[in-house]
Every structure is written in C-alpha cells, then in structure tokens.
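Let's take a walk through this structure together, from the overall picture down to individual side chains. Keep the 3D view open and turn it as you read.

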Amino acid sequence: FKLSSEQLSSQDHYDFGMRAVKTVTSAAGNLKREHGDTMDEELIVLRAIRDVNVPKFLQDDLKLFNGIVSDLFPHVKEQAIDYGNLDEALRSSSRKLKLQDVDGFVTKCIQLYETTVVRHGLMLVGPTGAGKSCSYKVLSEAMTSLKGENAPGGGLFEEVHKYVLNPKSITMGQLYGEFDSLTHEWTDGILPTLVRHGVAHGTDDYHWYVFDGPVDAIWIENMNTVLDDNKKLCLTSGEIIKLTEPMRMIFEVQDLAVA
C-alpha cells in the first residue's frame, strides 16, 4: 500500500490507509474459509489484494499496480477465477434489460459483487452515462435470479431489494427526520423509514440503499456511524437503528471532489 500511494496517481477515491488493510484481511479470511487448505496462502493474499483494489483503479494506474504486485509476489502464478453461474446470470440479465453483455461491463459487475461481499458501504464513481446505474441493476437482477444457489464468496445468493433516493433533492429533515419546532413532535425521515423496513424484513435478503446524487460534507456527516464498523444509524431523536448483515449503502456519484 505504501508503494501504491507513492507511485500511483492522486485520486479522491484512492485510500491506502488502515481501512484498506482491514478490507484486504477480511477478503483473505473469506477466501481462506472458502478454499481451506486447497489454496496456497500467498495466492490467497494476492487474490484478496487484487479483489479489493483493482475495481477502483484507473486504466493507467492498473498497469503500475500490476507491476508492484508482480514484484512483491514474483513466484505466485495466479489462476483464472471461475464465476460460473454468476457470469451467465449477469449476461442474461443484461440482455433482459436490453443491454449488450460486453466483457468489460460484465467484469465491472463482478467487481461490484466482490466489493459488496467485503464492504457494507461503497461508491460507484464515474461521469453520467458510464454505466453506474446499469451495473448495480444488472447485478441485483442476476443475484435475485440465482437465489438459493452457491455464491463464489461463500454462502448462498439471496434476493436483492433496492431503494433509490436522491439525498440532494430533499432537505436534511426529510432525509433523516426532524422535530417540529412548534409541537416538538418527531417526524421520521425517508432513510430511517427504509432502514427500519429492511431490519423488520427478518430474512437474509439483501437490501441495497442507493444514494444517487452528489456527496457533500453536510448530509454525509450523519452517515459516519453507518459507514464505520458500528453500522448504526443515529437519529436526532436519540433513536439508534442497527444495520443488519445483508444491508449495503451504495453511493452513486460523479466525483468525490467535495466529499
């Protein structure tokens, strides 16, 4: 990570701190549980580093990163990963949504899947028309169609429920909830209502909360405890809602210039 931070270009969404290390450790743990002793430990670490970092790199930085990794793991021969039914489901979901199932797009969907396995908060960064919305829609459709089948990251595929909102189109009170200044009555916001609905669902189904709009320091501030390891939504009313394991917070943004 030190080499990456020194050699790669400076981008707002690059992070090589302790959080990145923790994510790699968690991904390596998942691989170890899935493959046990059949996979060499160096290969497990290499795959974990790739799975976590490759999705966020720009094309030019990817070549530099590959060079760094090949220097650190000179004798490790990486094997092609077989995604089997997920790959096929992504292609059929693309066709169902009237999209072309080009390899680059399917790869991005698989990278998004890999990221949802190891992180509960993630960002889709790119300009308008880059395929951010389509990638999560195709992936959710594919995962829902594979419900009950074995997943590459361990466990089973489950149905995906999506909740899409634009946080900048409403006030902070409408987003998180607010007290009425006259009656001191609490009114729930959109996000707590959706999260509470997801918690009450009581199944292993995935719940993806998609924030489709610019990220700025004002409204994202209240998401701090949601996005760190506490996974708790803390409201002004004093209520704390604990997120369940299958919940994911997805931010769909053009850039992170003011985040």
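The chain folds into eleven helices and eight strands. Keep in mind that this is a predicted model. Of the 259 residues in the chain, 42% are buried. Looking at contacts between residues at least 6 apart in sequence, you'll find that 68% join residues at least 24 apart. On the outside, the chain exposes about 13900 Å², and carbon and sulfur atoms supply 53% of that.

A good place to start is helix H5. H5 has twelve residues, and from its first C-alpha to its last it reaches 16 Å, close to the 16 Å expected at 1.5 Å a residue. Which residues of H5 are buried? They are Leu86, Ala89, Leu90, Arg91, Ser93 and Ser94. Here a bit of background helps: an α-helix has 3.6 residues a turn, so residues three or four places apart point the same way. As for what covers the buried residues of H5, helices H6 and H7 are among the elements that do so. After H5 comes Lys98, and its phi is positive, near 60°.

Now let's look inside. In soluble globular proteins, nonpolar side chains tend to be buried together. In this model, the largest nonpolar core has 24 residues, and those with the most contacts inside it are Leu86, Leu90, Tyr113, Leu139, Met143, Phe157 and Trp208. Where do the residues of this core come from? H5, helix H6 (103–118), strand E1 (121–125), H7 and strand E5 (206–212) each supply at least two of them. The largest share, six residues, comes from H6. To get a feel for the packing, pick out Leu86: leaving aside residues up to four places away in sequence, Leu86 touches Tyr113, Leu139, Leu146, Pro152 and Phe157. There is also a second, separate core of 21 residues, and it includes Leu165, Leu191, Tyr209 and Ile220.

Next, the aromatic rings. A pair of aromatic rings is described by the distance of the centres and the angle of the planes. The count here comes to six aromatic pairs. Take Phe211 and Phe251: why is this pair called stacked? Their ring centres are 5.0 Å apart and their planes stand at 15°, and because planes under 30 degrees apart count as stacked, the pair falls in that class. Phe211 lies in strand E5 and Phe251 in strand E8 (residues 247–253), so this pair ties together parts that are 40 residues apart in sequence. Both Phe211 and Phe251 are buried.

Phe251 has another partner, Trp219, and that aromatic pair is tilted, with 6.0 Å centre to centre and 40° between the planes. Trp219 sits in helix H10 (residues 217–220) while Phe251 sits in strand E8, so here the pair ties together parts that are 32 residues apart in sequence. Trp219 counts as buried at 2% relative accessibility, and Phe251 counts as buried at 1%. Put together, Phe211, Trp219 and Phe251 form one aromatic cluster.

Finally, turn to the charged side chains. Side chains of opposite charge can pair when their charged atoms come close. How many salt bridges does a search of the whole structure find? It finds twelve. Back on H5, the side chain of Lys96 meets that of Glu141 in a salt bridge (3.4 Å, N to O). Lys96 lies in helix H5 (residues 85–96) and Glu141 in helix H7 (residues 132–145), so the pair ties together parts that are 45 residues apart in sequence. Lys96 is exposed, with a relative accessible area of 55%, whereas Glu141 is partly exposed, at 28%.

Another salt bridge joins the side chains of Glu159 and Lys147 (3.9 Å, N to O). Glu159 and Lys147 are twelve residues apart, each in the loop between H7 and strand E2 (160–165). Glu159 is partly exposed, with a relative accessible area of 27%, and Lys147 is partly exposed too, at 44%.

The side chains of Arg95 and Glu88 also meet in a salt bridge (3.8 Å, N to O). Arg95 counts as partly exposed at 45% relative accessibility, and Glu88 counts as partly exposed at 46%. These two belong to a wider group: Asp87, Glu88, Arg91, Arg95, Asp101 and Asp103 are linked in a network of salt bridges.

Terms used
Residues numbered from 1 in each chain as written. Predicted model: local features only at pLDDT ≥ 70, side-chain atom pairs only at ≥ 80, totals over all residues. Heavy atoms only, no water. Salt bridge = Lys/Arg side-chain N within 4 Å of Asp/Glu carboxyl O. Buried < 20%, exposed > 50% of the residue type's maximum accessible area, 1.4 Å probe, protein only. Helix = DSSP H or I, 4+ residues; strand = E, 2+ residues; numbered from the N terminus. Core = buried A, V, L, I, M, F, W, Y, C linked by side-chain atoms within 4.5 Å. Contact = heavy atoms within 4.5 Å. Phe/Tyr/Trp six-rings, centres within 6.5 Å; stacked < 30°, edge-to-face > 60°. Expected span 1.5 Å × (residues − 1). Areas by Shrake-Rupley, 256 points an atom, 1.4 Å probe, with all protein chains shown as cover.
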